[in-house]
Amino acid sequence: GMLGPEDAESLAKVKGVSRVFNATHVLPNFLSSSKEAEEENVFFVSMDRHKEQAQSIIALLKQLNWLSFSLAFEETMAELAEVLIQTTKEDSTMCVKGSVSRLSALAAVPNIFSGTQDGVVVLADSHQMAAKVLQAYQALTTPLILLVRTVGLEAWQIPRSASKMYLLQQVSTTTEEVPETMNVTLKSEYESQRQAEFQNIHCKDIANAADCAIESSTQDNLLENVDVSVTSMANAVRLVASALRSVHRVRCMTGTTPTFGMCPKLMALPAHEWRNALRRATAVTKNSDNLRVRFLMELSTNFNVYSRDNNEGNLMKVASIEDGNMKEVAKDYTFPVKQHASNVTACGATPIIPIAPPHIPPPTTTFDEDKIATLKDIYTSEYSFYELVGMICGVGFIMFGIMALMIYLIYNSLVEKTEKEVESGSVDTVRVSRPARRNFRDTFRRNSSVRSSTHS
């Protein structure tokens with residue numbers, strides 16, 4: 001088996017090859033929009049609590065006193081976007097106004113920063129999409145809330161104009177100690193490499209390159225708390241290791257000659273036994289939390305809220321949100337509260353724009369083996385054994401009846417044709433038959449007399 005891939009699109013592509021080898025996939029996060037979510041060879045480690053995530057966003061909206069906002073989201077965050085819209089409907093103090101846009105990794109960021117709403121909420125799953133949104137946000141002053149689910153160890157540049165931007169990072173509640181276990185030399189080289197990429201990619205459109213060189217990355221700040229995506233992958237490794245230890249103990253450590261490394265029996269492990277071992281796998285984190293890990297485990301919903309420090313130009317943590325409630329605001333920091341007229345309501349009669357359905361490509365003419373029913377599909381269908389036998393017998397009787405009917409029709413047509421021919425030629429046949437018999441007798445007699453004379 002293998003760990004990953006982490007998104008539905010990549011999983012669908014990889015499955016085209018891995019299903020040939022009956023390989024098992026262990027994914028850090030649950031993909032509800034993927035058809036592979038119901039397959040027995042795909043295991044998911046973590047599940048998000050979308051309701052608490054939506055409540056966390058609304059908690060920040062209320063802190064800023066926003067009454068309306070437009071929404072943009074990456075395709076993999078569609079379920080959270082739907083829950084956020086539904087949660088907003090239940091709250092009469094705010095609503096979605098303006099546009100609801102989908103963000104694509106293959107297309108430019110649409111114009112999501114215009115309108116009369118109080119601000120824009122962007123839901124990004126990857127740091128690559130966050131970088132594209134921030135690049136489109138250059139020189140804009142529209143209030144922005146950017147939720148990035150998968151920060152990992154990546155970084156991007158924060159525009160100088162982002163004084164009204166807030167970054168939501170979902171953090172882990174466990175102590176993974178990733179920064180402390182990093183190779184310091186490699187980490188320094190990695191940061192230098194990323195900073196050089198920023199200079200080449202993001203600084204070309206800025207008039208003053210010297211100002212761009214001063215821009216600091218977000219990495220140092222965000223690594224103070226490990227991103228939840230790092231925890232999901234770490235838990236995936238823990239569960240795979242636990243399952244591997246269990247099958248190794250049974251297949252390699254039993255008998256008269258135990259093997260501490262790889263053994264032939266382990267190499268010949270059937271796929272179904274490996275999946276059974278994964279289903280039973282549990283692990284305990286080796287940190288102060290001692291958290292028991294299992295598959296399909298819900299993640300706690302804790303967010304850190306970051307804002308740009310106008311003095312130093314980097315990100316600073318200004319608040320934390322736990323289980324959908326604002327818990328801690330940094331000392332000496334005050335959120336900029338949006339001012340409204342006393343008679344202004346959230347949206348009035350403005351309708352809420354529904355989420356557009358995802359683009360479904362037209363069907364292709366390629367050969368799809370999965371759509372062909374096999375004997376295994378029939379045996380594992382929803383019908384019972386007796387129902388299957390009855391259906392097969394019924395089809396046999398129908399085919400037998402059709403063949404009997406065809407034979408009967410062909411026989412009748414031949415008999416009728418023969419009778420008609422006989423009726424039309426019966427008189428001539430009788431007249432000609434008597435002379436023919438007389439000639440045959442005369443010829444036979446002559447031949448007999450000739451043979452007799454020859455013998456004598």
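Is C393 buried, partly exposed or exposed? The relative accessibility of C393 is 40%, so this cysteine counts as partly exposed. Please keep in mind throughout the tour that the model on display is predicted.

**Stop 1: the whole chain**

Begin with the complete chain in a cartoon view. The chain has 12 helices and 14 strands. Of its 456 residues, 37% are buried. Contacts may also be considered by their separation along the sequence. Among the contacts with a separation of 6 or more, 67% are between residues 24 or more positions apart.

**Stop 2: residues 388-411**

Select residues 388-411 next. An unreviewed UniProt entry gives this stretch the feature "transmembrane region". In the model, the stretch is 100% helix and 0% strand. The C-alpha atoms at its two ends are 35 Å apart.

**Stop 3: helix α10**

Move to helix α10, which covers residues 271-280. Show the side chains of W274, R275, A277 and L278, which are the buried residues of this helix. Then turn the view to look down the axis of α10. The buried residues fall within an arc of 155°, so they line one face of the helix.

What covers these buried residues? Among the elements that do so are strand β2 (25-29), strand β3 (42-47) and helix α8 (228-251). The next stops visit these elements.

**Stop 4: strand β3 and its partners**

Select β3, residues 42-47. Here 5 of the 6 residues are buried, so the strand is largely enclosed by the rest of the structure.

Add β2 to the selection. The strands β2 and β3 pair in the parallel sense, with 4 bridges between them. Within this pairing, N29 is found opposite S46 of β3.

Now add strand β11, residues 297-298. This strand also pairs with β3 in the parallel sense, over 2 bridges. Here S46 is opposite M297 of β11. Residue S46 is therefore a useful one to label, since it stands opposite N29 and opposite M297 in β11.

**Stop 5: H248 in helix α8**

Go on to helix α8, residues 228-251, and select H248, which is located in this helix. Is H248 buried or exposed? Its relative accessibility is 16%, and a residue counts as buried under 20%, so H248 is buried.

Display the surroundings of H248 as well. Leaving aside residues up to four places away in sequence, H248 touches M253, T259, F260, G261 and L266. F260 deserves a distance label: its backbone oxygen lies 3.4 Å from a polar atom of the H248 side chain.

**Stop 6: the disulfide**

Finally, select C252 and C263. How many disulfides does the structure hold? There is 1, and it joins C252 to C263 with an S to S distance of 1.8 Å. Both cysteines are in the loop between α8 and α9 (264-267), 11 residues apart.

Turn the view to look along the S-S bond. The torsion about this bond is about -70°, so the disulfide is left-handed.

The accessibility of each cysteine completes the picture. C252 has a relative accessibility of 2% and so counts as buried. C263, at 4% relative accessibility, also counts as buried. For contrast, return to C393 of the opening question, which counts as partly exposed at 40%.

Methods: Residues are numbered from 1 along each chain as its sequence is written. This is a predicted model: local features need pLDDT of at least 70, side-chain atom pairs count only at pLDDT 80 or more; totals for chains, interfaces and linings use all residues. Side-chain values use heavy atoms; hydrogens and water are left out. Buried means under 20% relative accessible area, exposed over 50%, partly exposed in between (1.4 Å probe, protein chains only). The arc is that of the directions from the helix axis to the C-beta atoms. Contact means heavy atoms within 4.5 Å. Two strands pair if DSSP finds at least two bridges between them. A disulfide is a pair of cysteine sulfur atoms within 2.5 Å. UniProt positions are given in the numbering used here, feature names are shortened, and annotations may be inferred rather than shown by experiment. A polar contact is a pair of N or O atoms within 3.5 Å; within protein, one must be able to donate a hydrogen and the other to accept it, and residues adjacent in sequence count only if both atoms are side-chain atoms.
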